[in-house]
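Please work through the exercises below with the sequence and the coordinates open beside you. Each task is followed by a solution that goes step by step.

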Amino acid sequence: MNITSDIKSITYLKSKAADLFNQINETHRPVIITQNGEPRAVLQDPKSYENMRNAIGILKLVSQGESDIKNGKAKSQEDVFKDIENSLKKSLNE
């Protein structure tokens, strides 16, 4: 991976947008767009973006779960299955 090929100026984007889109869709690597030498935006192919968003969502859920465990807001697996079993028995007896 050559990061210098993944950094392009806004002028390059304006003149070679189709080439740049081909690059990000073939390599699945994001491209950093600079303006006046400063990073200003990131271009990424849709599938990689979707995968990134899904990964972030999973990490948020894991983080929330860890926080719940630390704060005592969790049940043991045994208790969960007992609750399910009791609910099923109750619904079958009604």
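**Exercise 1.** In this predicted model, determine how many aromatic pairs there are.

Solution. A pair of aromatic rings is described by the distance of the centres and the angle of the planes. Ring centres must lie within 6.5 Å to pair, and by this rule the count comes to zero.

**Exercise 2.** Trace the strand pairing, and locate Lys8 within it.

Solution. Begin with strand 1 (residues 7-9) and strand 2 (residues 31-35), which run parallel and are joined by three bridges. Across this pairing, Lys8 stands opposite Ile33 of strand 2. The charged end of Lys8, for its part, sits over the ring of Tyr12, at 4.7 Å from the ring centre. Next, strand 2 is joined by five bridges to strand 3 (residues 38-43), and these two run antiparallel, with Thr34 standing opposite Pro39 in strand 3. Finally, consider the connection: strand 2 and strand 3 form a hairpin with two residues between them, and Asn36 in the turn has a positive phi of about 55°.

**Exercise 3.** Is Ile84 buried, partly exposed or exposed, and to which surface patch does this residue belong?

Solution. First place the residue: Ile84 lies in helix 4, which covers residues 77-93. Partly exposed is the class between 20% and 50% relative accessible area, and because Ile84 has a relative accessibility of 43%, Ile84 counts as partly exposed. Then turn to the patch: Ile84 joins Val80, Phe81 and Leu88 in a nonpolar patch on the surface, and together the four residues have about 370 Å² of accessible area.

Methods: Residues are numbered from 1 along each chain as its sequence is written. This is a predicted model: local features need pLDDT of at least 70, side-chain atom pairs count only at pLDDT 80 or more; totals for chains, interfaces and linings use all residues. Side-chain values use heavy atoms; hydrogens and water are left out. Patches are made of residues with over 30% relative accessible area and no salt bridge: like charges are joined within 9 Å, nonpolar side chains (Val, Leu, Ile, Met, Phe, Trp, Tyr) within 5 Å. Accessible areas come from the Shrake-Rupley method with a 1.4 Å probe; for residues, only the protein chains shown count as cover. A salt bridge is a side-chain nitrogen of Lys or Arg within 4 Å of a carboxyl oxygen of Asp or Glu. Helices (H or I, at least four residues) and strands (E, at least two) are DSSP runs, numbered from the N terminus. Buried means under 20% relative accessible area, exposed over 50%, partly exposed in between (1.4 Å probe, protein chains only). Rings of Phe, Tyr and Trp (its six-membered ring) pair if their centres lie within 6.5 Å; planes under 30 degrees apart count as stacked, over 60 as edge-to-face and the rest as tilted. A charge sits over a ring if NZ of Lys or CZ of Arg is within 6 Å of the ring centre and within 35 degrees of the ring normal. Two strands pair if DSSP finds at least two bridges between them.
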